[in-house]
Amino acid sequence: MSSAAARRYARQVKARRAAAAENGATSASALASGGGPVAAAADSASGLAARMDSLLKTGSGPESYEALQLASSVVRRYAKAGDVAAAMATGTTATMRLLSHGKIPTATQLSRELIDMMMDYHAAATDETIRDVITPIHEGYVAAIAASIASSSTENDGDESAEDPDREHHISFLRDAVRWTDKLGTFRHGDPRVHAHLSSASFDAGRWQDGVTHGVYAEDPKFIAASLQGDPELNPPGGGNAGDQPRDVALTAAILMFLALENARDASACLRAFLEADQRDTKKLTAAFLTSKSLPNYVTFCCSLVRICETDNSGWFNWITSGSQCGRKLVEQNKGLQPYLTKIGKVYFGVQPPPSMLSMMENMMGMMGGMGGMGAGF
């Protein structure tokens, strides 16, 4: 080993010793051997978890803040020492401890600091990092929220309203995680696995627009269809057999986003799964689309649009979007559809939009990945 390498190795061992000693978790064997990132992280994380448990068992606010400060200092110490793997492992463990004690807002502050650190130190969004950092924290939120709902329901005679702020914390963490995978991963607009977590969390929070958006980027058409059919707010009682139910509007958003992202396969799969679970007569829906002068029929519009994109018929595309009375009314009543239809026309039929519309379209598609949401037009 060269003298320079020896000095660098000694500095790393010294940094690990200092971090472990600060948390009362010094392991003689790990420190004597230098430990490596995995051993050092496991050693520090174990001692940190024990100290956090001791602080959090009282359940009071000051101790929660003290636990947060303790965890943040250890994560920063590892990162500054160049041991980002140990920083991520320690930060994940600490966040999980906070969640296990029901400290969801505090856990969110730490988890977002963890993502910021990963961004600052250019930690790549690899399969291992998503598996070992993002997914465990996501699952920790799910468990903590479930416990919070159960407790709130018991204390308030079934009222679950207290869950909403907790779900927002969960979503904010996952949004940051999507941005991280977009910047330092291999998928444009973010990793599909993290989008899948965010889609599920959004549907659980009653935010179907975000659920659809991130479900599209997760490339999970069957999950979207099942979520739309099972969402009580999108399936009001007494909705009838018309093709303009809230779930039909949400389906249209999903189909158009899939097509605008040049994913006709999943657009077709989403539509098939939706129709398989639907109880309405598709022949009556088709007849209503052709004859109705008042109500837009979203289901038949989606079926027609997917088929037209598969046959590459620009004449039929113009008819379905502006020629037919029902299609024209549908677009007029949902201005948010236009950017997606513009992109579909360009991709599948070579219809060149005005420069202003093209810029708006590209900006919207870019925002969908990291930010979520599809605007107020829906």
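**Helix α18 and a network of salt bridges**

Helix α18 comprises twelve residues (338-349), which at 1.5 Å a residue should span 16 Å, and its end C-alpha atoms lie 15 Å apart, in agreement with that value; the expected span is taken as 1.5 Å times one less than the number of residues, and helices are DSSP runs (H or I, at least four residues) numbered from the N terminus. The model is predicted, so that local features need pLDDT of at least 70 and side-chain atom pairs count only at pLDDT 80 or more, while totals for chains, interfaces and linings use all residues. Residues are numbered from 1 along each chain as its sequence is written, and side-chain values use heavy atoms, with hydrogens and water left out.

Nine of the twelve residues of α18 are buried, where buried means under 20% relative accessible area, exposed over 50% and partly exposed in between (1.4 Å probe, protein chains only). Among the buried residues are Tyr340, Leu341 and Phe349, and the helix is followed by Gly350, which has a positive phi near 70°.

Across the whole structure, twelve salt bridges are found, each being a side-chain nitrogen of Lys or Arg within 4 Å of a carboxyl oxygen of Asp or Glu. Glu168, Arg175, Arg207 and Asp210 are linked in a network of such bridges. In the pair of Glu168 and Arg207, the closest N and O atoms are 2.7 Å apart; because Glu168 lies in helix α8 and Arg207 in the loop between α9 and α10, this pair ties together parts that are 39 residues apart in sequence. Arg207 also pairs with Asp210, at 2.9 Å between the closest N and O atoms, and Asp210 is buried, with a relative accessible area of 7%.

Key
Helix = DSSP H or I, 4+ residues; strand = E, 2+ residues; numbered from the N terminus.
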